[in-house]
Amino acid sequence: MAKDLYLNIFKKLIKKILSVLFSFLLLNCISYSAVIKRQVIFNPNNISTCVWNTGVFNQDLRYTNNPGFEWPKGSGIFAVFTSGLCIGSYVNGELRLANASYNGEYAPGYVGDSNGIPVFKTDSRFRLYSVKYYDTQNSNPDVAAWKDMVHYGAPFNDLNNNKIYDIGIDKPGVPDADQTIFICLTDADASNHTTSEGFSGGTRPLNAEVHLTAWGYYDEPVSNVQFFKWDIVNKNNASWNKTYFSIVTDPDLGYPKDEYIGCDSLLQLGYCYNGNDTDGTGAPGQYGLHPPAVGQTLLRSAINNNTYPLDTLNATSMTFFVNTESGGPLCETDPSSAPSQAYNYMRGYKKDGTPWLDPTYTPYKITKFCYPGNPEDSTGWTERKGRVYNCGGATTGLFQLSYPGERRFMISTGSDFLNVNPGDTQKIAMAQLIARGSSNLNSVTKLKELTNLTKKIYYQAIEGFESYYVEPAPELPTHFKLYQNYPNPFNPVTTIKYEVKMLWKVKIQLYDTRGELLRTLVNEEKPQGVYEVKFDASNLPSGIYFIKMTSAQGFESSKKMVIIK
């Protein structure tokens, strides 16, 4: 009896300890396991699809390996298997990816700071939010809870114009949208990075914080269109260099083994259409005669903020890859578990770095835009005209016909010269849309017409919704810190960022390699906060210099910077 009594007491003690530990982890926003996948149904109009809490969309978690982009809604016929936004960049010379294609390397949460090191933080507020136009706080709890995400970019219609989300007065979501979904995500949890993500992956985190908004409208002319927007913040303590953003899509247009893909570089549209005028055999789950075309169009691209004037990059490549069963060169297949191969695709090359070749030119023309011709009138390079089989860096190869099969396509925006500095935000927006014409080829023409109309509507009436929400409130620093200047090397202007955790007198000075003081950049008392100072080196020669931050309290930190003229 005594033994049983002691055993029960011991069990209760262990249970209590575990309960306290769990509460501590939750209250302190510390990640203790990989994310559990969740989704919400996104069906504001004729399209019904799914959005995951790992950054993936168009795939349905309710069934194993199941497409989620259903069109028309309720038909049981699907046009896209999965999509997501992938980021590739170098951090201090190391390639890092933050991918969302088939599984997603993100988790609900944000990037915090622990003694100068970016860390993953989350709590119960960070989840998928979904509101519809007629929802109220009584019919949908997300209406009241929306206030928790406003500081992280959740849009709302500020009806009383006070720039505060007032429950019962203001409307959550993109103004006039029939449904809006929002989630704040980050890839900062290393346990979510895996080489089995789908589009490669498995690197160390970029420490990206992503504010994802999806919205749509019930009424024509955009009842077959859905909008997505990503606000991507570099929450690392180092710059992202050679940065690319890629929307990666695996279409399954009804019967998935008879597809072609193409692009329209002017419309920045990537699309999939049926290789024949009958999808599959016309069996249930297939589109049958005159199948539709489905695509995604880039509405807002990466911007190089380090140039003057600012350089809007637009779509820098529109390419594809296939699974190994579809045939073709091995250098055009899935990037498997090699991050460098995925990054090559993002830069507009084949996975081994080989350039794509347009066979309609003599000699073959190197390009980063695959099949930009017009399928209906057969002008330009279309997939029906074939492709060049070349790998290993070759700029020539054997011309082969291209037969319909499973395809994936991607739209990328970025540059080897795009550096995203700590704290900078890039905004990427796109629309996914579907159209059906009088034939499989005419469906592409109808899709382009819908794309052109969608772009006009977005730029004239929708894009301005950004003014309705408040930028995230910065976290107050809890330590003293001097960041590496950026850009570095530079010519002639660079930015020096530093933090102070309390009221103190800060001094930042510039020295040469001999230790001689050249200039005092900062010498004043500063309250708790994060600060930046611009340094113009126009009067200094090229070379190596040092900046040193000191205080009377004993703090000291220095960084090396390089001037190249």
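## Internal spaces and cysteines

Strand S34 gives the most to the lining of the second largest pocket, with four residues. This is a predicted model, and the pocket in question has a volume of about 710 Å³. Of the 29 residues that line this pocket, Ser239, Asn421, Tyr486, Pro487 and Asn488 are the closest to its centre. Strand S34 (493-500) and strand S37 (529-536) each supply at least two residues of the lining, and by class the lining of the second largest pocket divides into nine nonpolar, 16 polar and four charged residues.

Turning to enclosed space, the structure holds four cavities of 30 Å³ or more. The largest cavity has a volume of about 60 Å³, and its lining is made up of Gly55, Leu85, Ile87, Ala100, Tyr106, Leu185, Val210, Leu212, Trp230 and Ile232. Two or more of these residues come from each of strand S7 (78-91), strand S16 (208-216) and strand S17 (225-234).

The second largest cavity holds about 50 Å³ of space and is lined by Phe320, Glu332, Lys350, Trp356, Leu357, Tyr371, Trp381, Arg387, Val388 and Asn390. Here the elements that give two or more residues to the lining are strand S27 (356-358) and strand S29 (387-389).

The linings of the two cavities, sorted by residue class, are set out below.

| Lining | Nonpolar | Polar | Charged |
|---|---|---|---|
| Largest cavity | nine residues | one residue | no residues |
| Second largest cavity | six residues | one residue | three residues |

The cysteines form a separate topic. The count comes to one disulfide, which joins Cys331 to Cys391 with an S to S distance of 2.1 Å. The link of Cys331 and Cys391 is left-handed, with -80° about the S-S bond, and the pair connects distant parts of the chain, 60 residues apart: Cys331 lies in the loop between strand S26 (317-321) and helix H4 (339-346), whereas Cys391 lies in the loop between S29 and strand S30 (398-400). Cys331 is buried, with a relative accessible area of 4%, while Cys391 is partly exposed, with a relative accessible area of 32%.

Why is Cys263 not bonded to Cys370? The closest cysteine sulfur to that of Cys263 is the one in Cys370, and because 7.1 Å separates them, the sulfurs are too far for a bond, given that a disulfide requires sulfur atoms within 2.5 Å. Cys263 is buried, with a relative accessible area of 2%, and Cys370 is also buried, with a relative accessible area of 1%.

Notes. Residues are numbered from 1 along each chain as its sequence is written. This is a predicted model: local features need pLDDT of at least 70, side-chain atom pairs count only at pLDDT 80 or more; totals for chains, interfaces and linings use all residues. Side-chain values use heavy atoms; hydrogens and water are left out. On a 1 Å grid over the protein atoms alone, a cavity is a set of points where a 1.4 Å probe fits but cannot get out, and a pocket is an open set with protein on both sides within 12 Å along at least five of seven lines; lining residues have an atom within 4 Å of a point. Grid points are joined across faces, edges and corners, and a volume is the space filled by probe spheres set on the points. Ala, Val, Leu, Ile, Met, Phe, Trp, Tyr, Cys and Pro count as nonpolar, Asp, Glu, Lys and Arg as charged, and the others, Gly among them, as polar. Buried means under 20% relative accessible area, exposed over 50%, partly exposed in between (1.4 Å probe, protein chains only).
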